[in-house]
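Colleague: I have a model open and would like to learn how to read its sheets and pockets. Could you walk me through it?

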Amino acid sequence: MKAICTDSDLVVFSHLRWDFVFQRPQHLMTRYALYRRVYFVEEPIFEKMESPYLDVRLTQDRLHVVVPHMPNHLSPREKDEVMRGLLDSLFEGENIQNYSFWYYTPMAINFSDHLQPAVTIYDCMDELSKFKGADPALIEKERLLLMRTDLVFTGGYSLYEAKKDRHMNVHPFPSAIDAAHFKTARETHDDPADQKHIKRPRLGFVGVIDERMDLELLQDMALLRPQWEFVLIGPVVKINPATLPREKNIHYLGMKNYQDLPRYLSNWDCALMPFAKNEATQFISPTKTPEYLAAGLPVVSTSIRDVVEPYGTNKLVEIADCAKDFVARVERVLATKKNAARIEKIDQFLKDISWDRTWRKMAEMETHVLENKNSFNRSYDNLN
């Protein structure tokens, strides 16, 4: 087993809140924090106040969530200046001296470019510039970040194809799986209280409900099959809740704790990924794909590129793009969902894409970059 870096801190700049949906950043950083201090720096919360401050809380041993609180009357330039000062105070207060940077958002370069990390990593999990309400400056900030970055990870293969010519050290790491956690959904669980009243068959979705979901497709399916029940788990973000389809057989249960998800999934009959085909979904690699499969559920998805390949081509997920075809695919998998050969094939596929394995490879790459830098610096010093 290759060595990994354990004697430096990891400072993470994220556009996502730590207490939001438990996904890629949380999976990776909880593993990093087993070996080194991790500081997960969120975007600021703006309030009616005079003096900015940092809320630093320990969520597990060595994992710190850092939430900046700032006055809401600041100009964009003032916001960056304040953030720069808050970041400096974090480094001083926590005695952060030997560290690497890990960016999820290129916008953080505005207030962090004065510091000198040993290694800079950009984990490009999404093409943020294509999301609804994206800052127009994102594209330029990403260009600047790539100039300073030592190592680039992408959240899927389609995103890798889009980034591979923009940096010399780009590596695809599509969504992985905590298989042991979701395989518990194959066991019998009591129905959660807010789901037990819903009839069967149940078709479910877990994730953020935003512009990436094809709401028209969802509504059309609900109308085509009024005897089916559609269960959606997750927060509604960036879209008006009033625009959600409200058919009687569609149920919005809100966001749930990650630990509770297997209880919900174990009482479903089929999992859905009704993603829209738009700019926001062009490069996504949904984490829920392997999670549904590990739970033992049949899955039907729209033709998202990183779902079609490898899941569709390996016949692990059914693909459809219109309501009529979607319904037909669901009817087919409902008739064969207890297929033992299918479950065995899924388990064989999933065994190589664990979050533990993904994290380990990433950590080894960081260590390799650091060793090469140190070797170069030693050679340079000897020459002088």
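Colleague: Let me start with helix α7: which strands does α7 lie across?

Modeller: This is a predicted model, so please read everything here with that in mind. Helix α7, residues 215-224, lies across β11, β12 and β13 (270-273). Relative to β11, the helix runs at about 150 degrees.

Colleague: And the strands beneath that topic, how do I read a sheet order?

Modeller: The general idea is that strands of a sheet pair through backbone hydrogen bonds, either parallel or antiparallel. Here, an open sheet of six strands follows the order β12-β11-β10-β13-β14-β15, and the pairing is parallel. At the edges sit β12 (250-254) and β15 (318-319), each of which pairs on one side only.

Colleague: How many bridges join β10 and β11?

Modeller: Five bridges, in the parallel sense, between β10 (residues 202-206) and β11 (residues 229-233). To find your place in that pair, look for V206, which stands opposite I233 in β11.

Colleague: Now strand β1: how many of its residues are buried?

Modeller: Five of the five residues in β1 (residues 9-13) are buried, and the strand is mostly covered. Follow the side chains and you will see D9, V11 and F13 point one way, with L10 and V12 pointing the other way. Both sets are buried, the charged-looking name D9 included.

Colleague: Which strands pair with β1?

Modeller: One is β6 (residues 99-103), parallel to β1 over five bridges. In that pair, V12 has W102 of β6 as its bridge partner. Another is β2 (residues 38-41), again parallel, over four bridges. There, F13 stands opposite V41.

Colleague: Let's turn to pockets. How is empty space found?

Modeller: Rolling a probe the size of a water molecule over the atoms shows where empty space is left. In this model, the second largest pocket holds about 350 Å³ of space.

Colleague: Which residues lie nearest the centre of the second largest pocket?

Modeller: Y157, P174, S175, D352 and I353 do, out of 21 residues that line the second largest pocket. The elements giving two or more residues to this lining are α9 (288-294), α10 (305-312) and α13 (355-383). Helix α10 provides the largest share, with five residues.

Colleague: How many residues of that lining are nonpolar, polar and charged?

Modeller: The lining of the second largest pocket divides into 12 nonpolar, four polar and five charged residues. Try colouring the pocket by those classes, and pick out Y157 and D352 among the residues nearest the centre.

Conventions
Residues are numbered from 1 along each chain as its sequence is written. This is a predicted model: local features need pLDDT of at least 70, side-chain atom pairs count only at pLDDT 80 or more; totals for chains, interfaces and linings use all residues. Side-chain values use heavy atoms; hydrogens and water are left out. On a 1 Å grid over the protein atoms alone, a cavity is a set of points where a 1.4 Å probe fits but cannot get out, and a pocket is an open set with protein on both sides within 12 Å along at least five of seven lines; lining residues have an atom within 4 Å of a point. Grid points are joined across faces, edges and corners, and a volume is the space filled by probe spheres set on the points. Ala, Val, Leu, Ile, Met, Phe, Trp, Tyr, Cys and Pro count as nonpolar, Asp, Glu, Lys and Arg as charged, and the others, Gly among them, as polar. Two strands pair if DSSP finds at least two bridges between them. Contact means heavy atoms within 4.5 Å. Axes are lines fitted to C-alpha atoms, for helices over the stretch in contact, and angles run from 0 to 180 degrees between N-to-C directions. Buried means under 20% relative accessible area, exposed over 50%, partly exposed in between (1.4 Å probe, protein chains only).
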